[in-house]
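Student: I should like to learn how local features are read from a structural model. Could we work through one together?

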Amino acid sequence: RYQYYLQVKKDVVDGRLLPSLEQGIRLAGLAVQADFGDYNQFESHDFLREYVLFPMDWTQDEVVLEELTQKVAQEHRTHSGITAAEAELMYISEVERLDGFGQEIFPVKDNHGNDIHLGIFFMGIFIKNRIGRATVIYRWNDIGNIAHNKSSIVLELINKEENVLFHTDDLENAKYISRLFGARHKFYKQNKICTE
């Protein structure tokens, strides 16, 4: 639990997961409770200024940072009496509800040379266009095979005549993405009952 908590906290602080302002303050309050204990044991919360609480791109302006830190101190006060383990679990639970949790996204090009985002999540593979079109999802049970051919990734779809092709910058990227997707697809097929 503790290692998982540290990993998801790092994902938030590094900006890989983007909480709303309210979620960020709530998460920071839980992290302070988990890492330092109850609010009333401190005479001052000045130490919070030295503690990384928010995603890196939030902390550009000192005035905004000070205001957010005060809100975190108030949030921390509401968690008094919660054990570190409980605060860690609450933090993890909150992070699991963030948009993008459990997804890994790669920049690729489609067959027409358009820049798109190819991603993976627990239900399958998705494609997000930068233009704002709807996200296309290929569920694991719709996918027959995943392979790469040089710097291209090929999705072979069940019950369809055509394959879906994506192009990466180089062979190593294509190889990594196809292996990752292939491993997740294999896991899904072996654990189909559990994942449904």
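**Reading loops and domains**

Tutor: Let us begin with aspartate 110, which lies in the loop between β1 (104-109) and β2 (115-121). Please bear in mind throughout that the model is predicted.

Student: Is aspartate 110 buried or exposed?

Tutor: The reading rests on relative accessible area, where buried means under 20% and exposed means over 50%. Aspartate 110 has a relative accessible area of 16%, and is therefore classed as buried.

Student: Which backbone nitrogen does the side chain of aspartate 110 reach at 3.0 Å?

Tutor: A polar contact is a pair of N or O atoms within 3.5 Å. At 3.0 Å, the side chain of aspartate 110 reaches the backbone nitrogen of histidine 112. In addition, a polar atom of the aspartate 110 side chain lies 2.8 Å from the backbone nitrogen of asparagine 114.

Student: Which residues does aspartate 110 touch when those up to four places away in sequence are not counted?

Tutor: With those sequence neighbours set aside, aspartate 110 touches Ile116, Leu165 and His167.

Student: Let us turn to backbone angles. Which sign does phi have at lysine 150?

Tutor: Lysine 150 is not a glycine, yet its phi is positive, at about 60°. This residue sits in the loop between β5 (143-149) and β6 (152-157).

Student: Why does lysine 150 count as exposed?

Tutor: Lysine 150 counts as exposed because its relative accessibility is 65%, and the cut-off for that class is over 50%.

Student: Where is asparagine 159 found?

Tutor: Asparagine 159 is found in the loop between β6 and β7 (163-167). Its phi is positive as well, at about 65°, although asparagine 159 is not a glycine. With 79% relative accessibility, asparagine 159 counts as exposed.

Student: What can be said of glutamate 162 in the loop between β6 and β7?

Tutor: Glutamate 162 belongs to that loop and is exposed, its relative accessible area being 57%. One may also set sequence separation beside spatial separation. Glutamate 162 and phenylalanine 106 are 56 residues apart in sequence, and their C-alpha atoms are 22 Å apart in space.

Student: Finally, which domains does the domain assignment give?

Tutor: The assignment gives domain 1 (1-96) and domain 2 (104-191). Taken over C-alpha atoms, the centres of domain 1 and domain 2 are separated by 35 Å.

Technical notes:
Residues numbered from 1 in each chain as written. Predicted model: local features only at pLDDT ≥ 70, side-chain atom pairs only at ≥ 80, totals over all residues. Heavy atoms only, no water. Helix = DSSP H or I, 4+ residues; strand = E, 2+ residues; numbered from the N terminus. Buried < 20%, exposed > 50% of the residue type's maximum accessible area, 1.4 Å probe, protein only. Polar contact = N/O pair within 3.5 Å; in protein donor to acceptor, adjacent residues only side chain to side chain. Contact = heavy atoms within 4.5 Å. Domains from an automatic or database assignment.
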